[in-house]
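Me: I should like to go through the terms applied to a structure and ask what justifies each of them. Please set each value against its criterion.

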Amino acid sequence: GVTYEASSGFAPTAIDSSGNLSVDNLDVEGYIDSAKISLEDIEAGMFDFADVEIFLLDYLTPSNARLILRRGRIGMVSTGDTDVKMEIRGMMQHLQQDFGEVYAKTCRAVLGDARCGVVMAAYTFNGAVTSVASRINFLTNLAQGDGFFTYGKLTWLTGRNEGLSVDVRSYYAKTIALLLNSPYPIQTGDTFTIAAGCARTSEMCKDRFNNMVNFRGEPHVPGEDFAYAYAIRGTSHVTTI
């Protein structure tokens, strides 16, 4: 059920494995000469964290069993005009991830998720591009006040970027600045939905969303500066008994 396509191939680094649970990384570099993998799709993140399987196969009898050399996921990606270099991270990469949470002044929930509890339908709006400055800056017909969509999420409904979701870096005077360049050109008239942003501070949680009951941070816990500071008479570092 797998279709194989002849191509110029790729140049991998050495493929080796270890038995000490360390992460085995592999870099592959090759030319972008397939209609199924384009530079624009790579820059759009279509292959981010994609599963990869490298194996040997008898091309004269492809129905024979394969010899699997490596499984993993795509990590860092760098591209040129006609070439691409991808890092393939081994399966042990999952064991290197940090789990659990630490104290922080900012909220650890994601706006609108189950822990946050905010119903995003009330904070999501439709908009359209009225003029374009670049792939990252454009003017809209939105009517909300400055900063309302800063740190929000924009999802394209039409245009070449249709279906892609991007983070909003700032929103001022109806102008949106995206966190990263759009993979495809933005055109006047492109439509989108955009959700309000949250700086994850207790002040914003209270004032904008009235949701302090679900705030997942510790804004009143002293930080490292407080813990390492010297005790000085007349300051908050002195406790009266």
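Reply: What follows treats the salt bridges, then the strands, then a pocket; the model is a predicted one.

Me: What makes aspartate 51 and arginine 73 a salt bridge?

Reply: The criterion asks for a side-chain nitrogen of Lys or Arg within 4 Å of a carboxyl oxygen of Asp or Glu. The closest N and O atoms of aspartate 51 and arginine 73 are 3.0 Å apart, so the pair satisfies the criterion. Aspartate 51 belongs to strand E3 and arginine 73 to strand E4, so the contact ties together parts that are 22 residues apart in sequence. By this rule the count comes to eight salt bridges.

Me: Why is aspartate 51 called exposed, and why does arginine 73 count as partly exposed?

Reply: Exposed means over 50% relative accessible area, and partly exposed covers the range between 20% and that value. Aspartate 51 has 63% and is therefore exposed. Arginine 73 has 39% and therefore counts as partly exposed.

Me: How do you know that arginine 89 and glutamate 87 form a salt bridge, and which class of accessibility does each receive?

Reply: Their closest N and O atoms are 3.1 Å apart, and the limit is within 4 Å. Arginine 89, at 24% relative accessible area, is partly exposed. Glutamate 87, at 15%, is buried, because buried means under 20%.

Me: What joins Glu101, Arg108, Arg115 and Glu218 into one network?

Reply: Arginine 108 forms a salt bridge with glutamate 101, with the closest N and O atoms 3.0 Å apart. Salt bridges that share partners join Glu101, Arg108, Arg115 and Glu218 into one network. In accessibility, arginine 108 is partly exposed at 25%, and glutamate 101 is partly exposed at 48%.

Me: Why are E4 and E5 said to pair?

Reply: Two strands pair if at least two bridges are found between them. E4 and strand E5 (residues 83-90) have six bridges and pair in the antiparallel sense. Arginine 73 has arginine 89 in E5 as its bridge partner.

Me: What makes E1 and E3 edge strands?

Reply: The open sheet of five strands has the order E1-E2-E5-E4-E3, with antiparallel pairing. Strand E1 (10-12) and strand E3 (51-56) each pair on one side only, and they are the edge strands. On average, neighbouring strands of this sheet are turned by 35° against each other, direction ignored.

Me: How do you know that E7 pairs with both E6 and E10?

Reply: At least two bridges are required for pairing. Three bridges join strand E6 (residues 124-132) to E7 in antiparallel fashion, and three bridges also link E7 to strand E10 (residues 175-178), again antiparallel. Valine 132 stands opposite phenylalanine 138 in E7, and leucine 139 stands opposite threonine 175 in E10. A hairpin of four residues connects E6 to E7.

Me: What makes the side chains along E7 alternate?

Reply: Phe138 and Thr140 point to one face and are buried, whereas Asn137 and Leu139 point to the other and are not.

Me: Which residues and elements line the second largest pocket?

Reply: The second largest pocket has a volume of about 410 Å³. Its lining has 16 residues, with Glu43, Ala44, Gly45, Leu180 and Asn181 nearest the centre. Helix H1 (39-43), strand E4 (67-79) and strand E9 (165-172) each supply at least two lining residues. The lining divides into eight nonpolar, five polar and three charged residues.

Methods:
Residues numbered from 1 in each chain as written. Predicted model: local features only at pLDDT ≥ 70, side-chain atom pairs only at ≥ 80, totals over all residues. Heavy atoms only, no water. 1 Å grid on protein atoms, 1.4 Å probe; cavity = no way out; pocket = protein on both sides within 12 Å on 5 of 7 lines; lining within 4 Å. Points joined across faces, edges and corners; volume = space filled by probe spheres on them. Nonpolar A, V, L, I, M, F, W, Y, C, P; charged D, E, K, R; others polar. Axes fitted to C-alpha atoms, helices over the stretch in contact; angles between N-to-C directions. Buried < 20%, exposed > 50% of the residue type's maximum accessible area, 1.4 Å probe, protein only.
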